[in-house]
Amino acid sequence: MERAFLDYSRLFSPRGIAIVGASPDSTRVGGQPIKALKEFGFRGGIYPVNPKYPEVQGLRCYRNLTEVPQPCDVALVAVSSTHVPQAIIDCGNADIRFAVVLSAGFKEIGREGEQIQAKLEEAIRVSGVRVIGPNCQGFMNLKEGVYCGFGAPFQYRHPNFGKIAMVTQSGGFGYAVMGLAEASGLGFNYVISTGNEADVSTLELLNYLLEQSDVEIVATYMEGVSDGRKLIALGRQALQLGKPIVVWKVGNSNLGRQAAASHTANLTASYELYKTAFRQGGFIEVRDVDDLVDVANAFLGKRLPEGDGVAVISISGGAGVLLADRCEELGLKLPSLSQETLVKLRNILPGFSSTLNPIDVTAQVFNDPAIFCQVVEQVACDAAIHQIIVVTASIQGSMAENIARELVKISQRIAKPILVCSSATPERAVEALRILREYKIPCYPTPMRAATAASALQQFSYRVRMQKRQINGTRTVPKISLTLPKGEKTLGDHRSKMILSEYGIPVVKEVLLDPRYIDELKEAPLPFPLVAKLESPDLPHKTEVGAVRVGIRDLEELKMAVRQMQHTVFQYRPDARIDGVLLQELVSGTEVIAGAIDDPFFGPTVLFGLGGVFSEILRDVTYQFAPFNTDTAKEMIKEVKGFRILLGYRGQHEADLEALAEALSRLSHLIADHSTEISEIDINPLFVRPKGGGVVAADALVVLKQ
């Protein structure tokens, strides 16, 4: 049977549900779903399956799945793990296309469980049944009363369903998050836990739910995925659809570093690449339930800012300053208002108010609340402002209600996000909060949370606009055939730079000489001062073993340096292969590191950072998935914290950023074109000369796949 169908409509909206391992005890795993489906409004068929009972909880009980009436789309499996593979085969024979395995006792318990899961995976392959789990808590379609699972969340009706879908890799914690979010006013429509993901993955479900017309936001609690490329593609799809994926990624600490020859690989860690996928796609990463609630409420307004300009309008000067600080930390700007807007504000506000952004209307609002809303409307019309944070402080009762109604009117006239920050206790502003919620104007209890939400809107909007520009579309260099040696693991510096040159990445002038004839040299092939290195595929880190000399001034010093390097290296590694002595011109510029790796999960990836302590100690590096063009490379360069150094910090010349972006783009095409042959590329250092002077690779290492 064909397994690869991606329409999960009959999973979430089944016409009939069979419960394999059905129990008459409504407190047991096999009994809880029957009770929930009967009581919470499911209109399809409910078919208990257990040869022990003729009837379960008032319903006819079937001996096996082949007796179950059709149509039946989903089987809930709640039998011991050893019986699950046969249950899946039975699903296939009964033409039940989906199974949700609630049973535990698979790979999560160790070797014995891994063997059982292997049998389950074979049953899935043979039967063609799409399986959620095993070891999952089940799923919900709240609109249709489909409560297919067990545990506390399935014991009560969830009345406030909304347009948020959630996929969680932890059933217990994921449903706890759902409960806490619901308590804060959020409503969900679909929630599903994926367990061990023996078949259907989190990414498949996210992909499906993202496409549904009744879903505006997708949330996910994620421990990890098996295919980073699909995660990247999912992020792009979210941007195309204009629907954010709110992701809570866990399991990020104590990361094992890949044992690799290149510096690039040592700087690459799995969570860093997850963050890159999140940052470049339609993901908003959160760290707590409050973050999820705040971000979701902001996006439910279905308005995105067209830029990063934020206006803060407050009756509290302190709250305004706090918001200004937080907005700046999050990359938002509080621009000055136009002269036209300032004139209008001065005609509205008393003289002791501040019309600088953040705008302090002072406590005068208590005497005339209409002033407050007039200010909001005038500021919202300013072209430099893309979203507004309104701080109403502790205003409550009828005054809060009137302001809420006026904000709704303004929001209906001006298509910019308006976020409200109110410190009034909910019971003292019930009607105001209801009005704001009804018209999808988010309200936050603290300035910090409001700023976080505004930042999420700005980030997502920016990525949508960038993707529309198709930044990743144009090739910088055509695909070039390379002749790579067989049987080698690493290439020496000289051969590595020859590969870079094939893709148009500038390298230093250099000459490879036979070390046996160094003492016979009458003159150097390149002008002094020089750099000398021992060329060897066995010495990826030459500096550490004394195989590099910098600043050689004459011929005698060169000959002595070569003898010393050979002596030092052979003491360190007597079997090292020496292919020659590499003489290079001495170059200078701003030192950066560039590298590429074919990551086993995320595929071809490029790394960039400033050289020296910036990359090695401060880990000031950024990543981009290959291939990409120079526009994307420029964005990548700006992401490092030390970017100002490249702009000419403290009297230094501005670096040639155009040439640097060109080199990074060419590197991205090199790794993308030859990822089946090349594992890693390391350029360290890459010198960036002053503007107009270009870049030059001084040292390179290419690691091949075996």
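A search of the whole structure finds 40 salt bridges, a salt bridge being a side-chain nitrogen of Lys or Arg within 4 Å of a carboxyl oxygen of Asp or Glu. This is a predicted model, in which local features need pLDDT of at least 70 and side-chain atom pairs count only at pLDDT 80 or more, while totals for chains, interfaces and linings use all residues. Residues are numbered from 1 along each chain as its sequence is written, and side-chain values use heavy atoms, with hydrogens and water left out.

Let's start with Glu122, which forms a salt bridge with Arg125, their closest N and O atoms lying 2.7 Å apart. Both sit in helix H4 (residues 111–127), and because they are 3 residues apart there, about one helical turn separates them. Helices (H or I, at least four residues) and strands (E, at least two) are DSSP runs numbered from the N terminus. Glu122 is partly exposed, at 39% relative accessible area; buried means under 20%, exposed over 50%, and partly exposed in between, with a 1.4 Å probe and protein chains only.

A similar theme appears in helix H22 (residues 657–673), where Arg666 and Glu662 are 4 residues apart and so separated by about one helical turn. Their side chains meet in a salt bridge with an N to O distance of 3.0 Å. Arg666 counts as buried at 17% relative accessibility, whereas Glu662 is partly exposed at 29%. Elsewhere, Glu488, Arg495, Asp538, Arg573, Asp575 and Arg577 are joined into one network by salt bridges that share partners.

Now turn to Lys705 and Asp598, whose side chains meet in a salt bridge at 2.3 Å, N to O. This pair links distant parts of the chain, 107 residues apart: Lys705 is in the segment after strand E30 (700–704), and Asp598 is in strand E25 (residues 590–599). Lys705 is partly exposed, with 33% relative accessible area, while Asp598 is buried at 14%.

For a look at a buried residue, find Thr168 in strand E10 (residues 164–168). Its relative accessible area is 0%. Leaving aside residues up to four places away in sequence, Thr168 touches Gly174, Ile192, Ser193, Thr194 and Tyr221, where contact means heavy atoms within 4.5 Å.

Next come the empty spaces. On a 1 Å grid over the protein atoms alone, a cavity is a set of points where a 1.4 Å probe fits but cannot get out, and a pocket is an open set with protein on both sides within 12 Å along at least five of seven lines; lining residues have an atom within 4 Å of a point. Grid points are joined across faces, edges and corners, and a volume is the space filled by probe spheres set on the points.

The second largest pocket holds about 730 Å³ of space. Among its 28 lining residues, Ser184, Gly185, Asn297, Arg437 and Cys443 are closest to the centre. Helix H10 (289–300) supplies at least two residues of this lining, as do helix H15 (430–438) and strand E19 (443–444).

The structure also holds 2 cavities of 30 Å³ or more. The largest cavity has about 90 Å³ of space, and of its 13 lining residues, Thr392, Ala400, Ser422, Ala432 and Leu436 lie nearest the centre. Helix H14 (397–413) is one of the elements that supply at least two residues of this lining, and H14 gives the most, with 4. The second largest cavity, of about 40 Å³, is lined by Ser26, Gln32, Lys35, Ala36, Phe40, Phe154 and Gln155.
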